[in-house]
There are 2 protein chains.
Amino acid sequence: MEKFFSLPVEKQNKIINAALKAFSSNGYKKASASDIAKNAGISKAMVFHYFGSKQNLYLYLVEFCGELFMNEIDAKLDKNVSDFFERIKLTTNIEISLMKRYPAIVSFLKSIFFENDADVKEGINAMLAKGENFRNRIALDGTDTSKFKDNIDIKLVMKMLTWIGEGYSIQLPGEGEIDYDALSKEMAECLDLLKNNFYKEEFI
Amino acid sequence: MEKFFSLPVEKQNKIINAALKAFSSNGYKKASASDIAKNAGISKAMVFHYFGSKQNLYLYLVEFCGELFMNEIDAKLDKNVSDFFERIKLTTNIEISLMKRYPAIVSFLKSIFFENDADVKEGINAMLAKGENFRNRIALDGTDTSKFKDNIDIKLVMKMLTWIGEGYSIQLPGEGEIDYDALSKEMAECLDLLKNNFYKEEFI
DNA sequence: AACACCATAAACCGATTCGGTCAAAGGCAT
DNA sequence: ATGCCTTTGACCGAATCGGTTTATGGTGTT
């Protein structure tokens with residue numbers, strides 16, 4: 001692994017992104033080292049030179065992405081923001097900023113949830129365990145829900161936002177690159193739209 | 001293929017569902033006949049006995065699902081419903097009713113959009129061409145958008161509904177089966193929530 | 001009981017791809 | 001020219017691929 005870390009960061013990221021994409025769209029078993037190498041623009045031999053084995057690479061990515069995600073939230077999520085939608089806006093923007101560097105990171109982190117291969121399951125569970133107490137920190141428990149109109153079912157709003165969250169993070173492979181800033185802006189507008197229409201008038 | 005059609009419908013559907021799941025989650029190339037056979041509870045030999053080749057099976061599914069989807073819309077979508085949200089509710093319920101019989105059909109139909117393997121690309125494009133003029137029929141062009149509050153950006157609402165649509169159709173592999181009726185109900189409540197808060201008061 | 005028929009699965013086929021290794025070829029500093 | 005380190009294409013045995021063949025057991029007919 002020292003071999004990998006002594007690479008220029010740009011090249012490291014290219015390899016990471018190739019691997020994230022392959023693993024998240026094909027799963028651990030069906031993603032092949034050749035796929036990853038081809039997408040990263042290196043030879044297959046280098047994948048093993050850098051990481052030793054496919055298993056090693058996968059487990060490294062689990063840890064790397066997990067830590068990165070949690071550190072980013074820790075560093076950037078202002079816990080003083082108690083407004084429901086503003087809090088979601090913040091976490092969304094953190095996710096999008098990560099996707100600028102690592103486009104497949106969100107779908108990879110989702111995919112590890114459903115990965116069942118014995119070779120990596122243990123490592124995944126270890127990471128998820130670390131993430132569990134963490135998730136309580138970004139949860140919306142502490143947020144202020146008193147601003148909602150009285151007749152609005154907040155659990156339903158949560159469910160809707162979950163669906164939106166699932167949906168927006170799916171990058172449509174529409175040829176060119178994704179405009180993450182536009183995506184962030186759209187998402188913010190979307191949340192404002194909901195806020196403006198779900199809150200009592202005095203809180204808008 | 002006559003061999004396949006002379007099977008009991010239940011068994012046919014089990015095979016179709018196994019194949020839809022394999023193809024939609026792994027793509028044409030990486031989905032293997034053994035995977036499909038295993039999930040369908042038959043031997044690999046039977047897959048070829050019924051369909052001749054993997055290519056044949058895939059193309060059959062493209063046609064079968066495409067036709068089924070379009071026929072279902074044609075039969076069940078009441079074009080007299082001009083209300084924006086009610087129209088979406090109808091199409092959503094049609095999708096969900098299809099997912100009861102074929103859980104992976106929606107994700108399969110999405111996946112063929114991004115399939116690029118030369119062996120099946122042609123057949124996919126033929127199907128998509130048939131679907132093109134069709135899509136105009138279910139489009140929301142004719143729906144009534146005058147009921148929205150004046151300050152609401154309808155394009156933004158559309159974008160949000162797209163995300164919700166992407167999100168809700170992802171079945172979370174949470175061990176047990178999915179409660180489609182509950183899903184349908186949640187989706188309807190969700191749309192009502194939006195309707196009640198996005199429309200001018202006189203239209204609620 | 002003998003037969004034909006056919007669905008089915010296991011064993012098998014050559015070809016490909018798998019994860020992983022290795023030797024040889026380059027670049028680069030000394 | 002020497003030594004070192006990255007990089008690659010060729011290579012390895014093993015696994016898996018799409019697809020076929022063979023053997024089996026059930027069914028219906030006579």
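Contact, in this tour, means heavy atoms within 4.5 Å. The model is predicted, so local features need pLDDT of at least 70 and side-chain atom pairs count only at pLDDT 80 or more, whereas totals for chains, interfaces and linings use all residues. Residues are numbered from 1 along each chain as its sequence is written, chains are lettered from A and ligands numbered from 1 in the order in which they are written, and side-chain values use heavy atoms, with hydrogens and water left out.

**Stop 1: chain A**

Select chain A and display it as a cartoon. It contains 10 helices and 0 strands; here helices (H or I, at least four residues) and strands (E, at least two) are DSSP runs, numbered from the N terminus. The order along the sequence is α-α-α-α-α-α-α-α-α-α. The C-alpha trace of chain A spans about 65 × 35 × 30 Å along its principal axes.

**Stop 2: chains A and B together**

Add chain B. A turn of 179° with a shift of 0.0 Å along the axis lays chain B on chain A with an RMSD of 0.1 Å, which is the relation of a two-fold axis. The superposition is by least squares on the C-alpha atoms of residues with pLDDT of at least 70 in both copies. Of the interface residues of chain B, 100% are also interface residues in chain A, so the copies meet through the same surface.

**Stop 3: two helices of chain B**

Select residues 84-101 of chain B, helix α6, and residues 180-198 of chain B, helix α10. These helices pack at an angle of about 170° with their axes 10 Å apart. Axes are lines fitted to C-alpha atoms, for helices over the stretch in contact, and angles run from 0 to 180 degrees between N-to-C directions. The angle makes α6(B) roughly antiparallel to α10(B), a description used for angles over 145 degrees.

Now show the side chains. Residues of α6(B) that meet α10(B) include B:Phe85, B:Ile88, B:Ile96 and B:Met99. Among their counterparts in α10(B) are B:Leu183, B:Met187, B:Leu191 and B:Phe198. The contact of α6(B) with α10(B) has 11 nonpolar, 3 polar and 6 charged residues. In this classification Ala, Val, Leu, Ile, Met, Phe, Trp, Tyr, Cys and Pro count as nonpolar, Asp, Glu, Lys and Arg as charged, and the others, Gly among them, as polar.

**Stop 4: DNA strand D**

Select DNA strand D and the 16 residues that surround it; a residue is near a strand if one of its heavy atoms lies within 4 Å of it. The closest are A:Met46, A:Tyr50, B:Lys44, B:Phe48 and B:Lys54. Sugar and phosphate account for 55% of the atoms of strand D that come within 4 Å of the protein.

Next, look for polar contacts to phosphate oxygens (pairs of N or O atoms within 3.5 Å; within protein, one must be able to donate a hydrogen and the other to accept it, and residues adjacent in sequence count only if both atoms are side-chain atoms). A backbone N or O atom of A:Ser43 lies 3.1 Å from such an oxygen of strand D, and one of B:Ala33 lies 3.0 Å from a phosphate oxygen of this strand. For B:Ser34, a side-chain N or O atom is 3.3 Å from a phosphate oxygen of strand D.

The largest share of the surface near strand D, 4 residues, comes from α4(A).

**Stop 5: DNA strand C**

Finally, select DNA strand C. Of the 16 residues around it, A:Lys44, A:Phe48, A:Lys54, B:Lys11 and B:Tyr50 come nearest. A polar side-chain atom of B:Tyr50 lies 2.3 Å from a phosphate oxygen of strand C. The corresponding distance is 3.4 Å for a polar side-chain atom of A:Ser34. The largest share of the surface near strand C, 4 residues, comes from α4(B).

Terms used. Parallel < 35°, antiparallel > 145°, perpendicular 65-115°, else oblique.
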